[in-house]
Each structure stands twice: as structure tokens, then as C-alpha cells.
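User: Please take a close look at one part of this protein, the open sheet and the loops around it. I would like one connected account that I can follow on screen.

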Amino acid sequence: MKEDISVLIALQEFDTELLGFDQKIEEKKQELIVREQAIADKEILAVQCREKATKLEQSQRDIKAGSQDAAERIKDRQSKMMQVQTSREHQALLKEIEDAKKTIKDTEEQLLQVMEQVEAEEAKAKELENLCAGEQKLLTEQTSKVNKAIEKFNKQRLAVQEKRNKMAQNVPSSRLKRYDKLLKKREGLAVVRVIDAVCQGCFMTIPPQKYNDIRMGEQIFSCPTCQRTLYYLPETEEADA
Ligand SMILES: [Zn+2]
């Protein structure tokens, strides 16, 4: 039985190593995703600036139309001046002309303001677009680096996987099945050491009698809390490790 557990320990070591590769590969992929997201966020902002500028340009046209209307009104009222008889009608026309002139003056100021806003939004969009282009270039470079790194990890991983598979051939199939199931269920950790009667998988205390049995090493035991397979190593080996 003592043989059995040492094979399981070795198997767990390989699986932990494999998991480490998986995590490293995932981290590398994540680096790219984070960068892609940062670029995508900026692209959205740039589009929003462009849309804002387009809307402002529309309001620019509306303001211009209002100014043209006022100019038309001035012409119209001026031509009517010749036809009016009373001073009251004359005054009313003058007032309308003054109002229209004021509208034109106000719209000129508004136009200037809106034009400045359009320029500001377009400048912001341009800046964001330039940033995106630069970051996209960096991302392309990084992508090829990341792919190379992943390729390297995969190669190393494959070598470990082969060793693992060879080792697994030494485990009785029913024991291996249980091990694989536990590995999946317990986040890649199926075989754990017991230190001072504490399971190093779930950190719960093992009952004294069971702890003694585990220390004897005659039989394979599971943690009563997390069901991981337990093994005991004398403390002196801890110092060597
Ligand atoms: Zn446990």
C-alpha cells in the first residue's frame, strides 16, 4: 500500500505542474485581453466624440438657419417701412428689425461657441484614435511575443503530460478514476499532505485516531472534510524540502 500513495503523490506533483502551465498560459492570454479591452474602450470614446461633433454640426446648421430667417425678416420689414402710414406701425416694424438684428448677433456668438466645441470634440477623437493606433501596434508585437511564450509553455507542458501519463499507468484504474474525479472536483488538488493533523487541502483538523492511522502509512485515507487523499511525511523531510 505504501507504494500506492507514493505514485499518487508523484501524480499530484505532475498535475500541479500541469496546472501551473495552464495558469501561466491563461495569464498570458489575459494580458492580451486586458490590452484589447483598453483599446476597445478608447475606440468607443473616440466614436462618441465624433458623434457629439456631428450633433454639434447639426445644431450649427440650425443656428445658421435661424440667422438667415432673421436676415430675411429684416429685409421684409424694411420693405414694408415704405408702406406703413402711422408712426405706431413704423415703431412696430423698427422693433422687429432691432429684434432680428439682435438674434443675428446672438447666433454669431453661439456659432463661435459651437464651432469651438466641434473642434474640441474632433481633437479629442483624433487624439484617442492616434493612441489606439499606437497601442494597436504594440498589441500586435505583444501578441506575437505572447504566442511564442504560450508555444513554449505548451511544449513544456506536453513533456510533463507525457511523464504524467506514464506515471498514471502505475496506478490501479479504479484508484486512478477516483483520483481524476477528485482532481476535477477539488481545483486540481487531490492528494495532500497532513501536517500536525491538519489537512493541507482544506486546513481542517483530522481526528486523532485517523491521524495516527495516516502516520502508519499502511492504508490510504481520505480527509473527512474535503475527501482529498492524505499522506504523512515526517517533519524532518520538511526541513529538506
Ligand atoms: Zn481536507
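Analyst: Domain bounds here come from an automatic or database domain assignment. For this protein, that assignment gives domain 1 as 19-168 and domain 2 as 173-240. The model is predicted. The centres of domain 1 and domain 2, taken over C-alpha atoms, are 59 Å apart.

Start at helix H3, residues 173-185. Its 13 residues should span 18 Å at 1.5 Å a residue, and the end C-alpha atoms are 18 Å apart, so the two values agree. Just after H3 comes glutamate 187, with a positive phi of about 45°.

Now the sheet. It is open, has 4 strands and follows the order S2-S1-S4-S3. The pairing is mixed. Strands S2 (198-199) and S3 (221-222) are the edges, and each pairs on one side only.

Take the pairs one by one. Strand S1 covers residues 191-195 and runs antiparallel to S2, with 2 bridges joining them. Here isoleucine 195 stands opposite valine 198 of S2. S1 also pairs with S4, this time in the parallel sense, over 4 bridges. Arginine 193 has tyrosine 231 in S4 as its bridge partner. S3 and S4 are antiparallel and joined by 2 bridges. Phenylalanine 221 faces leucine 230 of S4 as its opposite number.

Next, the loops. Most residues other than glycine have a negative phi. Two loop residues are worth checking against that background.

One is phenylalanine 203, in the loop between S2 and helix H4 (208-216). Its phi is positive, near 60°, and the residue is not a glycine. Is phenylalanine 203 buried or exposed? A residue counts as exposed if 12 or fewer other C-beta atoms lie within 10 Å of its own. Phenylalanine 203 has 12 such atoms within 10 Å, so it is exposed.

The other is glutamine 227, in the loop between S3 and strand S4 (229-232). S3 and S4 form a hairpin with 6 residues between them, and glutamine 227 sits in the turn. Its phi is positive too, about 70°, although glutamine 227 is not a glycine. How exposed is glutamine 227? It has 17 C-beta neighbours inside 10 Å, so it counts as partly exposed.

To trace the part on screen, begin with H3 (residues 173-185), pass glutamate 187 just after H3, and then read the sheet in its order S2-S1-S4-S3.

Note on methods. Residues numbered from 1 in each chain as written. Predicted model: local features only at pLDDT ≥ 70, side-chain atom pairs only at ≥ 80, totals over all residues. Pairing = 2+ DSSP bridges. Buried ≥ 20, exposed ≤ 12 C-beta atoms within 10 Å, placed from the backbone. Expected span 1.5 Å × (residues − 1).
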